[in-house]
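Reader: I have a structure open on my screen and I'd like to go through it with you. Can we take it one question at a time?

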Amino acid sequence: MLLVMMAAFALILIVQFFFLKKPTPPPPARVAQAANATANVSTAAASVSESAKLASASSVPAAASAESETVVENELYRIVFTNKGAHAKSWILKKYKDDRGQPLDLVNHASAEFGLPLSLFTYDEGLRNKINSALYVPNETSGTPAATQATRTVPGELGFVYSDGSVSVRKTFRFDHSYVISVETLVTVNGQPVQAYPSWPAGFGDQGTAPSFASARVDYYAGDKVERLASKKISSGNTIRGPLQWVGPQDQYFATIFLPDLPRQAAMVTFRNEIQVPKDPAKPDPNNLTKVEVLGAAAGDVDGLTRERIFVGPKALDVLATVRANTLEGQPGGPDLTHVVDFGFFSLIARPLFLWLLWTHDHLANNWGVSIIILTVIINLALLPLRITSMKSALKMQKLQPQMKAIQEKYKKYPMRDPRRADMNTEISALYKEHGANPAGGCLPLVIQMPFLFAFYSMLGVAIELRQAPFMWLHDLSSPDKLFILPILIVISTLFVQKMTPNAGMDPAQQRMMTFMMPAMLGFFSWSLASGLSLYWVVGNVIAIIQQSIMNRTGLGKEMRAEAEKRARKAAK
């Protein structure tokens, strides 16, 4: 079994390295952005010096008289900034839809009371409330805002400034054609820089149900490994000190990742709050609510002047592979963001399996459901030799049943705790060894297949490519089948497999019971499984039925069925 699993892993790795697409290199704009960030800041001492210069330049009072909005748009997103607090009130991802089929807004308006994206966190609550509600002047052009909504071109820059003479704030955002924006912020009080971190404080717009909120967490990369914090490990207002190469909140499919220019100077503050949401978002009822936890985070430089990049977008491996954090020394070329996607305990199988699935979708079938079917066929064909070995082992076990029964009768008179009972197990083991039988041989195909099943489950839970992916009557392969067709097919197909497969050493009465118990149990488990996983299981069962039907017509199969019928007649007497 170990040799077979090693061979399967080797096959997946070979396909991954020699046939799958390599991630596209970062576009020139992003490379230039990383180079500019490194050129701007080289040491902590330079940051402190520049903070002082900017602080003195921001002491002139500056405030707008009314609220205005500025839109920044490229082919990937449309962000609406408001000068009230100088943060984002809408962050629409153009390539993704919400549950109503509308462009997805990543700002969770249900939890906006805890803050909007790119607001600033300070440890002084009074200062925090002040700078996040003040009317900023866009780009320091004048104290009067534009009469209508303004639009900025990409690549480009958007700046906000506010000062009342004692408190001064400067925010600058730079945009290109990627999901990454550059952020520079500075807050001073009486000319002295204070710690003020850009934040994504309150979840994501695709979160509407309790399970979607429960999938959220805050991750960070601290130089050698990824730390993943679920909600139960997070306390609101807790500070995690650097080095931090990337940090940020995320949910099942989307993430906001802060990439500090100076990882050793970085710190992160985590947020955890509660809101109430309808138990059924499709039929909201104010009297039928449930409490959920909303997670967020802020990250910045502990010396006051924060320069960092922020990725806001999908957790797609090909996108994340193009974004790299800085090294611990603040130089470009640090780790990429692919480990933001967590494939879980079976990542050794799940990650290559997903890359294989992605290659199949891109080169063989332009549909995720068809791609899953192709992979299922390949995996089950690879397991065919094990099915043949399993049948041979089962036949040997059937032929040994009379001798095993005689040994058991011989020691039946001894109590279970009698030491002579061990002699019975010794004789049975010697019988197995003499005839080359393996009592676990009949379970081998299922044992080998289980890691792939768990890997599929892990993969479907995090692969954004399968989010809202249609297949026939299914509208979303990452969600359960709402018509329950696949769970029913799982029950029926498993029942056929059970009835067609002669069992080795099981008593006929027990076999009849298991024939119905196994399908019922699998049907119960599959009722709420992702439809992509159910599709994998149904197709695997159909292939198993075809394979078993063919094998039952071979000499080995006929011999097994004859032996099983002989034992059934004997038991009936």
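Reader: Let's start with Lys291: is it buried or exposed?
Author: Keep in mind that this is a predicted model. The cut-off for exposed is over 50% relative accessible area. Lys291 has 57% relative accessibility, so it counts as exposed.

Reader: Which residue does Lys291 form a salt bridge with?
Author: Look along strand E19 (residues 289-301), where Lys291 sits, and then over to strand E18 (residues 266-278). The partner is 17 residues apart from Lys291 in the chain, and the closest N and O atoms are 4.0 Å apart. That partner is partly exposed, with a relative accessible area of 46%. The residue is Glu274.

Reader: Which residues do salt bridges that share partners join into one network?
Author: A search of the whole structure finds 16 salt bridges. Some of them share partners, and that joins four side chains into one network. Its members are Glu157, Arg174, Glu184 and Arg307.

Reader: How many residues apart are Asp164 and Lys130?
Author: The side chains of these two meet in a salt bridge, at 2.3 Å from N to O. Asp164 is in the loop between E8 and E9, while Lys130 belongs to helix H4 (residues 125-131). Asp164 is partly exposed at 33%, and Lys130 is partly exposed at 31%. Along the chain, the pair is 34 residues apart.

Reader: And what is the N to O distance between Glu73 and Arg78?
Author: Glu73 is partly exposed, at 33% relative accessibility. Arg78 is partly exposed too, with a relative accessible area of 27%. Their side chains meet in a salt bridge, and the N to O distance is 3.8 Å.

Reader: Let's switch to rings: what kind of aromatic pair do Phe81 and Phe175 form?
Author: Aromatic pairs come to 17 by count here. For Phe81 and Phe175, the centres are 5.9 Å apart and the angle between the planes is 65°. Planes over 60 degrees apart count as edge-to-face, so this pair is edge-to-face.

Reader: Where in the chain do those two rings sit, and how many residues apart are they?
Author: Phe81 is in strand E2 (residues 77-82), and Phe175 is in strand E9 (residues 167-175). Phe81 counts as buried at 0% relative accessibility, and Phe175 is buried with 5%. The pair links distant parts of the chain, 94 residues apart.

Reader: Which residues form one aromatic cluster with Phe81 and Phe175?
Author: There's another edge-to-face pair to look at, with 6.4 Å from centre to centre and 70° between the planes. One ring of that pair lies in strand E8 (residues 156-163) and the other in E9, so the pair ties together parts 13 residues apart in sequence. Both of its residues are buried. The ones that join Phe81 and Phe175 in the cluster are Phe160 and Phe173.

Reader: What is the strand order of the open sheet?
Author: This open sheet has 5 strands with mixed pairing. Its edge strands, each pairing on one side only, are E4 (103-105) and E7 (150-152). Inside the sheet, E2 runs antiparallel to E3 (residues 87-97), and 6 bridges join them. The order is E4-E3-E2-E1-E7.

Reader: How many residues of strand E16 are buried?
Author: E16 covers residues 246-250. Trp246, Gly248 and Gln250 point one way, Val247 and Pro249 point the other way, and all are buried. The strand is mostly covered, and its buried count is 5 of 5.

Reader: Which strand forms a hairpin with E16?
Author: E16 is joined to E13 (residues 217-221) by 5 bridges, and those two run antiparallel. It also pairs in the antiparallel sense, over 2 bridges, with a strand made of residues 254-260. With 3 residues between them, the hairpin partner is E17.

Reader: Last one: how far apart in space are Pro201 and Arg272, C-alpha to C-alpha?
Author: Pro201 sits in the loop between strand E12 (197-200) and helix H5 (210-214). At 4% relative accessibility, it counts as buried. Its contacts beyond its sequence neighbours include Phe114, Phe271 and Leu295. Pro201 and Arg272 are 71 residues apart in sequence, and in space the distance is 8.6 Å.

How values were computed. Residues are numbered from 1 along each chain as its sequence is written. This is a predicted model: local features need pLDDT of at least 70, side-chain atom pairs count only at pLDDT 80 or more; totals for chains, interfaces and linings use all residues. Side-chain values use heavy atoms; hydrogens and water are left out. Rings of Phe, Tyr and Trp (its six-membered ring) pair if their centres lie within 6.5 Å; planes under 30 degrees apart count as stacked, over 60 as edge-to-face and the rest as tilted. Helices (H or I, at least four residues) and strands (E, at least two) are DSSP runs, numbered from the N terminus. Buried means under 20% relative accessible area, exposed over 50%, partly exposed in between (1.4 Å probe, protein chains only). Two strands pair if DSSP finds at least two bridges between them. Contact means heavy atoms within 4.5 Å. Lists of a residue's contacts leave out its neighbours within four places in sequence.
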